[in-house]
Every structure is written in C-alpha cells, then in structure tokens.
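Hi,

Here is the structure I promised to pass on. Have a look at it first, and my notes follow below.

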Amino acid sequence: MTLLLGCSDLERLLDVNACLDALRQGFVAVGSDQPDIPPRRTRTDLPGPGTATALLPGLVPGVPAYTVKVNAKFPGARPALRGLVCLHDLASGELLAVLDSATVTAWRTGLAAALGTDLLARPEADRVGVVGAGAQADLVVRGLLALRPVRGLVVHDLDPERARAFAAAHGDRWAVDVDVAADPAEVARQCGVVVLATWTREPLLSRTDVPPGTQLTSLGADEPGKVELTADLLRHARVFVDDVGLAAGTGALGNVGLGPDHAAGTLAEVLTGRRAGRTAPEEVTVYAPVGLPWQDLALSWLAYDAVRATGLGTSYDWLA
Ligand SMILES: NC(=O)c1ccc[n+]([C@@H]2O[C@H](COP(=O)([O-])OP(=O)(O)OC[C@H]3O[C@@H](n4cnc5c(N)ncnc54)[C@H](O)[C@@H]3O)[C@@H](O)[C@H]2O)c1
C-alpha cells in the first residue's frame, strides 16, 4: 500500500521545529558523509510558460528510503510549483508514499533558508524584509520566527495586494509589526535581513541598495537566467550556497557570470564549523541556495514517520 499525503495532511503532520531539526541534521550528515551518488536536478523548457523539473535521488545517510521529485513550475499559477514527491524504500523500491510537492518543496526550501539566514544574520537584526510574497517566503518567515526574535516584517511584491495579504496574515498570526514597501531597495533600507523569492530575470538589488551588515537570502536564482542580486553586490559580499557547483552553474553566481571562487563556502560547512559564517558586523552576507534532493527526503521521511503514529493520510494500492 502507498500512502497519499496531500497539502492539508502535510500541514497537520509537519512541525516547524521538528523540520528545522531534521534539516539541520541533514546538512551535517550529508555534508560529512556524502553518498557517492551525485544528485541530479534536471529541467526542461516547455512550449508554454512553464518548465518541467525532476530532482533525484534524495538520499540522507541513515534514512532507509529515497525520493524522486517531479515538479511543474509555472510562475503565474497558484501554487506556482505543482507535482509529486515519490518516497521509495531504499532496499526494495516499494512506493511507500506519494506526497504533494508544492508543500514539501516550500517547507524544505523555506526552512532550510531560514536556518542559513539565522546563522549568517547579525543576532540583533530583528526586522525581516520579504521581496516576493509567495509560498517559499512564507515558510522562510515561519522558520525565522521559530529561530530568532522578529519584531518587524516589511513586504514588497510586484502585486501590491499579495504583499498586503502576506503582511496582514503574518502580522495577525505572530503579532509582529508589518509594513508594505514600494520597492526592493526600500525593503533593504529598513531591514537587517532580506529574503528574496521571486521569478525575476533582472536584478532587484545592487551593491548601493544594501546597507553594511545586511543578510540577503536569495531563493529565486535557481534556474538558468534567473537573477535577484547583481554581480557587483555578490562580489563584495560573503556568499554561502548549498552546492558550489550548482550555484556557479545555474544559480545565483553563474547566472551573473561569477565562478565558484566567489562562494565563501556552503551552509553545511558553516553548520559543521569547517567555515566561518559572518566574520564582521558590517559584512554583507548572502545565502543563495538552489535546493537539493536530500532536503525533499528529510521532510518526506518525517511526514511518513509521523503518519505511522497518527494514521493520517489515505492508502492506495497501485497494483490492485
Ligand atoms: N532555491 C530554492 O531552493 C528554491 C526552491 C523552490 C523555489 N524556488 C524559487 O523561488 C521563487 C519563488 O517561488 P514561489 O513558489 O514562492 O513562487 P510564488 O509565485 O508563490 O511567489 C513568488 C512571488 O514573487 C512575486 N514576484 C515575481 N516577480 C517579482 C519581482 N520582480 N519583484 C517583486 N515580486 C515579484 C510574485 O508576484 C509572487 O507573489 C521561484 O523563482 C522558484 O523557482 C527556489
């Protein structure tokens, strides 16, 4: 039997703090005991506005399962990412569960980004800016609220109504001061932490927009041609990524013509103490991940494990 876990099942099963722990442990385990099997991220353009992507295999040392994720990415759609995560038994290939990929992706991306953001930001930076008020940014904010004091939230989106709704939802839920900003530079002027999660192909922040000491987290530069921060800004910042090769290939560095030597290191290296993160209060730090398959497994396994305790979800026999 295969468990089917949709969005509302996952929202009930997943707990922000438990997911942050699983991701933190995953960064350490994968960073120090990398399986000798390179993860693949494959994408292709489609005749219309979207792209098709596949990420495999999600592997975490000690977890007896692997994931294969298939996503449709359509920037204008809600949600913009749709698809499935297949969770297979590592020994037999049995299809243990099929999970909603929009939810798994937003949780793993947002919470992994929250870990990196919290690690690199100045401890006293308690105003968080959001540029791109969508699914990924929502989970970054939820993660940051679990990790550090947040007193203010400033939101900008191309769609002002979306910015207002995002600000209002978080303001009501977490009792933080909220504001809406007219452009990304205004967000950067007001906030010590800025999270960008947009679909832009033109940079939104340049070096002169960003005050000393800012932490920038850029999630939108995860495919060829997508850029949120200028090359000049990245050249003068301390930049961390999740995978140096991917960042320099089709991520935040490579998409503006910068090579792997512009990465100060990976989040796994900072978490395991092998690299220093922020080294001075006035430094501009950046976390710019592309997203890795093991993160899909870390959260899918957590949800699958929780189901066995709660009985949530529907079982389906594909072979009947
Ligand atoms: N790095 C990773 O690990 C990772 C993982 C998943 C998704 N992503 C990327 O994150 C980005 C956001 O994904 P999402 O699921 O949150 O999408 P979404 O559509 O839910 O949200 C994106 C928001 O950004 C806004 N926006 C688009 N262009 C903008 C611009 N130029 N200026 C200001 N706002 C703008 C949109 O109006 C929308 O509200 C996408 O580029 C996606 O590919 C990255």
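Pro 123 sits in the loop that links H3 and S7. Keep in mind as you read on that this is a predicted model. With a relative accessibility of 68%, Pro 123 counts as exposed. I also checked Pro 123 against Gly 26: the two are 97 residues apart in sequence, and their C-alpha atoms are 24 Å apart in space.

Another loop residue gives a contrasting picture. Thr 200 belongs to the loop between S10 and S11, and it is buried, because its relative accessible area of 17% falls under the 20% cut-off. Leaving out neighbours within four places in sequence, Thr 200 is in contact with Lys 226, Val 227 and Glu 228.

Now the sheets. One is an open sheet of eight strands with parallel pairing, in the order S9-S8-S7-S10-S11-S14-S12-S13. Its edge strands are S9 (177-180) and S13 (263-266), each of which pairs on one side only. From one strand to the next, the twist averages 20 degrees.

Inside that sheet, S10 (residues 193-196) and S11 (residues 215-218) run parallel and are joined by four bridges. Leu 196, for instance, has Ser 218 in S11 as its bridge partner. Two helices are worth a look here:

- H3 (residues 101-120) packs on the sheet and touches S10, S11, S12 (238-241) and S14 (285-287); the direction of H3 makes about 165 degrees with that of S14.
- H4 (residues 135-147) also packs on the sheet, where it touches S7 (127-131), S8 (152-156) and S10; the direction of H4 makes about 170 degrees with that of S7.

What about the other pairing of S11? S11 and S14 run parallel too, with three bridges between them, and Gln 215 stands opposite Thr 285 in S14. Are the residues of S11 buried or exposed? Gln 215 and Thr 217 on one side, and Leu 216 and Ser 218 on the other, are all buried, and both faces of S11 are covered.

There is also an open sheet of seven strands, with mixed pairing and the order S2-S3-S4-S5-S6-S1-S15. At its edges stand S2 (40-45) and S15 (314-316); each has a single partner strand, so one side of each is left without a neighbour in the sheet. Here the twist averages 15 degrees from one strand to the next. S2 runs antiparallel to S3 (residues 51-58), and six bridges join the two. If you want a pair to start from, Thr 44 stands opposite Ala 52 in S3.

On to the ligand. Which residues come nearest to it? Of the 27 residues around the ligand, the answer is Gln 136, Asp 157, Arg 162, Thr 198 and Lys 226. Lys 226 is also one of the contacts of Thr 200. I picked out three polar contacts made by oxygen atoms of the ligand:

- Asp 157: an N or O atom in the side chain is 2.6 Å from a ligand oxygen.
- Ala 135: a backbone N or O atom lies 3.1 Å from a ligand oxygen.
- Gly 291: a polar backbone atom is 3.3 Å from a ligand oxygen.

Last, the cysteines. How many disulfides does a search of the whole structure find? Zero. Cys 19 is in no disulfide, and the nearest cysteine sulfur, that of Cys 7, is 13 Å away. Cys 19 is buried, with a relative accessible area of 0%. Why is Cys 86 not bonded to Cys 7? The sulfur of Cys 7 is the closest cysteine sulfur to that of Cys 86, but at 18 Å it is too far for a bond. Cys 86 is partly exposed, at 21% relative accessible area.

That's it from me, and the structure is all yours.

Cheers

Terms used: Residues numbered from 1 in each chain as written. Predicted model: local features only at pLDDT ≥ 70, side-chain atom pairs only at ≥ 80, totals over all residues. Heavy atoms only, no water. Pairing = 2+ DSSP bridges. Axes fitted to C-alpha atoms, helices over the stretch in contact; angles between N-to-C directions. Contact = heavy atoms within 4.5 Å. Disulfide = S-S within 2.5 Å. Buried < 20%, exposed > 50% of the residue type's maximum accessible area, 1.4 Å probe, protein only. Near = heavy atom within 4 Å. Polar contact = N/O pair within 3.5 Å; in protein donor to acceptor, adjacent residues only side chain to side chain.
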